[in-house]
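These entries record what I looked up in the structure shown below. I kept them brief and grouped them by topic.

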Amino acid sequence: AQDVKTYTVKKPFDEVRFELGNAVVARGFAVQSEGNIAKMLDRTAADVGATKSVYKNGEFVTFCSAKYTRMMVEADPANFGNCPFLVFVYETNDKPGEVVVGFRGLGAAKSEASKKVFAEIETMLDGLVKDAAK
């Protein structure tokens with residue numbers, strides 16, 4: 001299982017979302033994709049019989065890193081499945097004004113080499129989302 005690490009801030013959603021994108025780019029990474037999960041869930045609610053809207057806002061950003069991806073796959077070619085990296089930000093309807101920013105962890109490593117690389121990557125991801133939460 002992949003762990004999710006989050007931070008909660010009382011700031012406008014758009015501000016935190018903007019800072020999250022900036023934190024990715026500031027580290028020299030190119031955004032690979034972006035998605036608005038909140039809008040997708042609202043748009044498809046009737047199709048799946050949902051009656052509750054969970055998010056006021058909710059988006060994700062994915063990106064890859066030549067440096068970190070190479071380190072992962074050299075440690076274990078199966079680590080390929082951990083790319084792209086994913087960071088996210090959301091605000092629920094139940095707690096408007098509380099914005100959660102976080103990242104999807106890499107899960108359990110199968111080797112000591114992978115554990116070392118995963119720790120370095122998760123430190124980078126943690127710093128990235130902390131920058132967005134400032």
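**Entry 1: a lysine and its partners**

Is Lys5 buried, partly exposed or exposed? I looked up its relative accessible area, which is 37%, and I therefore recorded Lys5 as partly exposed. I note at the outset that the model is predicted.

I then looked for a charged partner. The side chain of Lys5 meets that of Asp126 in a salt bridge, with an N to O distance of 3.6 Å. The two residues come from distant parts of the chain, 121 residues apart: Lys5 belongs to strand β1 (residues 4–9), and Asp126 belongs to helix α4 (residues 112–133). I entered Asp126 as buried, because its relative accessible area is 11%, under the 20% cut-off for that class.

**Entry 2: further salt bridges**

How many salt bridges does a search of the whole structure find? I noted a total of 11.

Among them is the bridge between Asp131 and Arg27, where the closest N and O atoms are 2.7 Å apart. Asp131 lies in helix α4 and Arg27 in the loop between α1 (13–26) and β2 (30–36), so this pair ties together parts that are 104 residues apart in sequence. I checked the accessibility of both partners. Asp131 is partly exposed at 28% relative accessibility, and Arg27 is partly exposed at 31%. I also recorded a network: salt bridges with shared partners join Lys5, Asp126 and Lys130.

Another of the bridges pairs Glu15 with Lys11, and I noted 3.3 Å between the closest N and O atoms. Glu15 is partly exposed, with a relative accessible area of 38%, whereas Lys11 is buried, with a value of 18%.

**Entry 3: the disulfide**

I searched the whole structure for disulfides and found 1. It joins Cys64 to Cys83, with an S to S distance of 2.0 Å. I looked up where each cysteine sits. Cys64 is in strand β3 (residues 55–64), while Cys83 is in the loop between α3 (66–75) and β4 (85–92). The pair thus links distant parts of the chain, 19 residues apart. A disulfide is a covalent bond between the sulfur atoms of two cysteines. For Cys64 I noted a relative accessible area of 28%, so this residue is partly exposed.

**Entry 4: a threonine in strand β4**

Is Thr92 buried or exposed? I entered this residue of strand β4 as buried, because its relative accessible area is 18%. I then listed its neighbours. Leaving aside residues up to four places away in sequence, Thr92 touches Val54, Tyr55 and Lys56. A polar atom of the Thr92 side chain also lies 3.1 Å from the backbone nitrogen of Lys95.

**Entry 5: an alanine in helix α3**

I turned to Ala75, which is placed in helix α3. Its relative accessibility is 23%, so I recorded Ala75 as partly exposed. Which residues does Ala75 touch, not counting those up to four places away in sequence? I found Ser111, Ala113, Ser114 and Val117. I also looked up the separation between Ala75 and Lys39: the two are 36 residues apart along the chain, and their C-alpha atoms are separated by 38 Å.

**Entry 6: a nonpolar patch**

I looked for nonpolar side chains at the surface. Ile37, Met40 and Leu41 form a patch there, with about 210 Å² of accessible area together. Leu41 is in helix α2 (residues 37–44). At 36% relative accessibility, Leu41 counts as partly exposed.

**Entry 7: the whole protein**

Finally, I gathered the overall values. The secondary structure consists of 4 helices and 5 strands, and along the sequence the pattern reads β-α-β-α-β-α-β-β-α. The C-alpha atoms fill a box of roughly 45 × 35 × 20 Å along the principal axes. The protein has 134 residues, of which 38% count as buried.

What share of the contacts with a separation of 6 or more comes from residues 24 or more positions apart? I noted 71%. For the surface, I recorded about 7700 Å² exposed by the protein, with 54% of that area supplied by carbon and sulfur atoms.

Definitions and conventions: Residues are numbered from 1 along each chain as its sequence is written. This is a predicted model: local features need pLDDT of at least 70, side-chain atom pairs count only at pLDDT 80 or more; totals for chains, interfaces and linings use all residues. Side-chain values use heavy atoms; hydrogens and water are left out. A disulfide is a pair of cysteine sulfur atoms within 2.5 Å. Buried means under 20% relative accessible area, exposed over 50%, partly exposed in between (1.4 Å probe, protein chains only). Patches are made of residues with over 30% relative accessible area and no salt bridge: like charges are joined within 9 Å, nonpolar side chains (Val, Leu, Ile, Met, Phe, Trp, Tyr) within 5 Å. Accessible areas come from the Shrake-Rupley method with a 1.4 Å probe; for residues, only the protein chains shown count as cover. A salt bridge is a side-chain nitrogen of Lys or Arg within 4 Å of a carboxyl oxygen of Asp or Glu. A polar contact is a pair of N or O atoms within 3.5 Å; within protein, one must be able to donate a hydrogen and the other to accept it, and residues adjacent in sequence count only if both atoms are side-chain atoms. Contact means heavy atoms within 4.5 Å.
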